[in-house]
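Biologist: I would like to go through this model, from single helices to the chain as a whole. Please give the reasoning before each value.

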Amino acid sequence: MESIKIGKQKVIIHRYNTVIVGAGAAGMNAAVHLYEFFTQKGIKDAHDRIAVVTAGVSLGASRMSGSDKQTYYKMGTSPEVADSAEAFAKTLTAGGCCHGDLALAEAVGSLREFYHLVQASVPFPHDSMGSFLGYKTDHDPFERATSAGPKTSKMMSEYLQRQVVRYGIKIYDQQEVAHLVTANKRIVGVVTINKRKFNVNVFQCENLILAAGGPGELYKTSVYPKNQTGIHGLAFKAGLAAENLTESQFGLASTKFRWNVSGSYMQVIPRIFSTDSDGGDEREFLTDFFSTMSKMATNIFLKGYQWPFDPQRIENCQSSLIDILVFNETRKGRCVFLDLRKNPVGNSSMKPFALEGLEAEALTYLQKTGALQKMPVERLAFMNQPAIDIYKEHGIDLRKEPLEIAVCAQHNNGGFAVNRWWESSIKRTFIVGEMAGTHGVKRPGGAALNSGQVGSLRAAEFIANVYGADMPSKNSAIKEIKMQVGDLIERFTAGGIKAKDVVDEIQARMTLSAGHIREINDAHYALSKAIALVKRIKQEGISIKSTKDIPSAIRAEHLALASVAYLKAIVSLLEQGSGSRGSHLVLSPDGVNIAGTELRFKPENEGLRNSILRVEYDPKQPDMFHCESITPRPQLAERKAFEPAWKEYRLGKIYE
Ligand SMILES: Cc1cc2nc3c(=O)[nH]c(=O)nc-3n(C[C@H](O)[C@H](O)[C@H](O)COP(=O)(O)OP(=O)(O)OC[C@H]3O[C@@H](n4cnc5c(N)ncnc54)[C@H](O)[C@@H]3O)c2cc1C
C-alpha cells in the first residue's frame, strides 16, 4: 500500500494479483476457491494476493434477500431418481437464448459446489440416510430444488466469509466503486471511495473478478434490497459486453419489508384483496376474473411454485393472471394485500372456500404435507414456521396484519457476457454471480445461486492455472491511473442535478416502461428520455455539496448509463418482433385479449429463442449502445477416452 497525490487529492494505491468486487455468495466463493487453488499450486502467501472490495459486507441480495424457503437448484440427489448433467443443462436452456456450454458447466459443477457449501456448514436438510432433500420450483420438472430456509443465500455468504477470514484474505468494506481503470485493452484497477472516510483508493490488479450483483436500484417497484446498485454503468464504460439484459424477472413480493411471497406463503392459500390508498373500500378484486372459488384458490396455491410472472401462464385463468390483476389494481392507485389470517373470500356466485374444493394438485400437496389447518397462517406455521419468523424479525406479525404486495423486479437473468470459464469480453476480467449474464429467457427457481457458485469456482480455477499469482508491478499502468483518477476527482467538484432526483427519475421510468409490461412506442420514448438524462448529467454534473454526497453522485451517474443500456436492449428486441416471453408481457393493439381486461398482448416469437441480444457501450452511436444478435453457443460434446483426456488435463490444455 502506498499513497500518491493526484491533483490535491491523496490517493491510496493497493496492489493485488486478484481483486474481487462484491461480498455476496458469488464473491466470497471466488475468494475461497482462488486461495485454495493458489495454495495447491504452492503459493505460500496466497492470502496477500487476493482482496475482496465491497460497498457493504452486509449489503446485496445474498445477505438481505430471500423468500419462504430460499431455493438452491442443484443436480438431483434423490436416491431413487437418476439425474444427469445433460438433462440438467437441457432444463437450463429450455426457454431459449442460453449458451449450451455455460448450462453444461453449471450442471457438471453443480454437485461439487453444493457439497462445498455443505462442507462450509450451510445446513441443507437431509434424511437419516444422508440423502439431501428436494422439492419442485418454478420451471423445474424434477425435484432438484433444496433450501436451508428463508435465508439460504445469507448463510452461504456468511459461512464462506468465515473461510475467507480464516484464510487471512483482506476484505475492504464500505468501498463504493467509482471507476474501473482501463489500460492496454484490460481493466487494471478499481477506484473506490471509502463511504465513511471519503478517501480515494485504487486497487491495482492483474486479474479482476466482478461479483457486484444485479442492478437492483434501477426499479422503483423492487424487491432487491435497498442500495443494491451494482456497477453495470461502470462496467459498460470499461468496455464489457452484456447479454440478455431484456430478461429481468418480476413477481409478487411484500413491499414494507422487501421479501418474496413465493412458495409456502401462497401454497397456504391466503386471502388477496385491495383497498383504496387510505385503507378503505376493501375489494376481493380477483373474484371478477375467476369463475369459481376452486379455480381462484387453486391458482393462488400454484403461484407458490409458479412464482415469477410468466406471460405464458395468463390465458384461461392461470396463475400469472393474478400478477396482472394485482398490477391493474396498483395502477389504479389502490393497495393490494395478502392476508394470511383469512382464507380467500369469494363473491355471491362462488361457493365459500373449502380445502376439499381445491383442484387435485393443490389438495394432494396440502394433504401430503399435513397442512390442513383452518386458516392460512396456521397452515404456514405448520409447514414453515421460519417463514413467519422472518417477518417477525422485521417488525411484522403475520397473525395480526396483512402484507402489502406488488409485482416487483427481483432478478436479472441477463448480465455481462462470459465464456465457459466465466471470463468476460475483456481478458483477465471475470464476471460471476448475478452480474454475469448466464441464464436464458427462463431459469428454474434457485438456478441463480447454483450459477454464482459454479461460475466463481470456474473463474478461480482459470486464473490460478492460466494467469498465475503474480502481483502487478508498481509502475505498470500508473500513467493511466493518474489520468483516469484525475478525471474522476475533477468531477467531484461539479454541481448541478441532485442525485436523488436522478435516481427517482430512472426508477419511475424503468418500472413504468421496462418492467413486466412493455410496449414498443413507450419503450422508444423512455429510451429517448434516458439518453437525455445522461447527456444532462454530462453537461450539468451531479450536485455535490460535501464529500458525503460523492458516493450517491457516483451511483446516480452510472445508474443513468445502465438504464440506457437496458432500455436500448428492450427497444432492440421489440423491434425484432419479439413477443411476450420470460417474465414480461408485450402489449400490442392486435394482440390476444386478456379476458376481462383492456390489455392485449403479443405472444412469444419463438423464432428468437436461438438468438441472444448482445449490448455494448459505444458513445458514437446515437443511442450510446450498439446491439447485435448472436447465436447461443452449443453444449460441448467432448467425450474422450480417459488417457488422452488425462494428458490434456496434466498439460493444462483444458484451459485453451
Ligand atoms: C427477494 C429475492 C429472492 C431471491 N430468491 C432466490 C432464490 O430463491 N434462489 C436463487 O437462486 N436466487 C434468488 N434470488 C437471486 C439471488 O439471491 C441473487 O442473484 C444472488 O444472491 C446474487 O449474489 P451475488 O453474489 O451475485 O450478488 P449480491 O449478493 O447482490 O452481492 C453484491 C455485492 O456487491 C456489492 N456492491 C454492489 N454494488 C456495489 C458498488 N456500486 N460498489 C461496490 N460494491 C458494490 C454489494 O455490497 C455486495 O457485497 C433472489 C433475489 C431476491 C431479490
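Modeller: Buried means under 20% relative accessible area. This is a predicted model.

Biologist: Which residues of α4 are buried?

Modeller: Helix α4 covers residues 100–108, and 8 of its 9 residues are buried, so the helix is largely enclosed by the rest of the structure. Those buried residues are Gly100, Asp101, Leu102, Ala103, Leu104, Ala105, Glu106 and Ala107.

Biologist: What covers the buried residues of α4?

Modeller: With 8 of 9 residues buried, α4 is largely enclosed by the rest of the structure. The cover includes α3 (85–93), α5 (110–119) and α13 (447–467).

Biologist: How many residues of α10 are buried?

Modeller: Helix α10 runs over residues 321–331 and is mostly covered. Among its buried residues are Leu321, Ile322, Asp323 and Glu329. The count of buried residues is 8 of 11.

Biologist: What phi does glycine 333 take?

Modeller: Glycine 333 lies just after α10. Its phi is positive, at about 85°.

Biologist: How many disulfides does a search of the whole structure find?

Modeller: A disulfide needs two cysteine sulfur atoms within 2.5 Å. The search of the whole structure finds none. For cysteine 97, the nearest cysteine sulfur is that of cysteine 98, 8.8 Å away. The number of disulfides found is 0.

Biologist: Is cysteine 97 buried or exposed, and at what relative accessible area?

Modeller: The cut-off for buried is under 20% relative accessible area. Cysteine 97 is buried, with a relative accessible area of 2%.

Biologist: And cysteine 98, buried or exposed?

Modeller: Cysteine 98 is in no disulfide. Its relative accessible area is 9%, so cysteine 98 is buried.

Biologist: Which residues does phenylalanine 353 touch, not counting those up to four places away in sequence?

Modeller: Phenylalanine 353 sits in the loop between β14 (335–339) and α11 (360–369). At a relative accessible area of 16%, phenylalanine 353 is buried. Beyond its sequence neighbours up to four places away, phenylalanine 353 touches Ile269, Met293, Ala297, Asn343, Pro344, Leu358 and Arg379.

Biologist: How far apart in space are phenylalanine 353 and asparagine 475?

Modeller: Along the sequence, the two are 122 residues apart. From C-alpha to C-alpha, the distance is 73 Å.

Biologist: Which residues are in contact with alanine 514, leaving aside neighbours within four places in sequence?

Modeller: Alanine 514 is placed in the loop between α15 (499–513) and β18 (517–518). Its relative accessibility is 0%, so alanine 514 counts as buried. Outside its neighbours within four places, the contacts of alanine 514 are Tyr219, Phe250, Arg509, Leu567 and Ile570.

Biologist: For the whole chain, what is the radius of gyration?

Modeller: The chain has 18 helices and 22 strands. For 656 residues, a compact globule would have a radius of gyration near 26 Å. The value for the protein chain agrees with this, at 25 Å.

Biologist: Among contacts between residues at least 6 apart in sequence, what share joins residues at least 24 apart?

Modeller: Buried residues make up 61% of the 656 residues. Among contacts between residues at least 6 apart, the share joining residues at least 24 apart is 74%.

Biologist: How far apart are the mean positions of the positive and negative charges?

Modeller: The chain carries 80 positive and 70 negative charges. Along its principal axes the C-alpha trace spans about 80 × 60 × 50 Å. The separation of the two mean charge positions is 5 Å.

Note on methods:
Residues numbered from 1 in each chain as written. Predicted model: local features only at pLDDT ≥ 70, side-chain atom pairs only at ≥ 80, totals over all residues. Heavy atoms only, no water. Helix = DSSP H or I, 4+ residues; strand = E, 2+ residues; numbered from the N terminus. Rg over C-alpha atoms; globule rule 2.2 N^0.38 Å. Buried < 20%, exposed > 50% of the residue type's maximum accessible area, 1.4 Å probe, protein only. Contact = heavy atoms within 4.5 Å. Lys, Arg positive; Asp, Glu negative; His and termini not counted. Charge placed at Lys NZ, Arg CZ, Asp CG, Glu CD.
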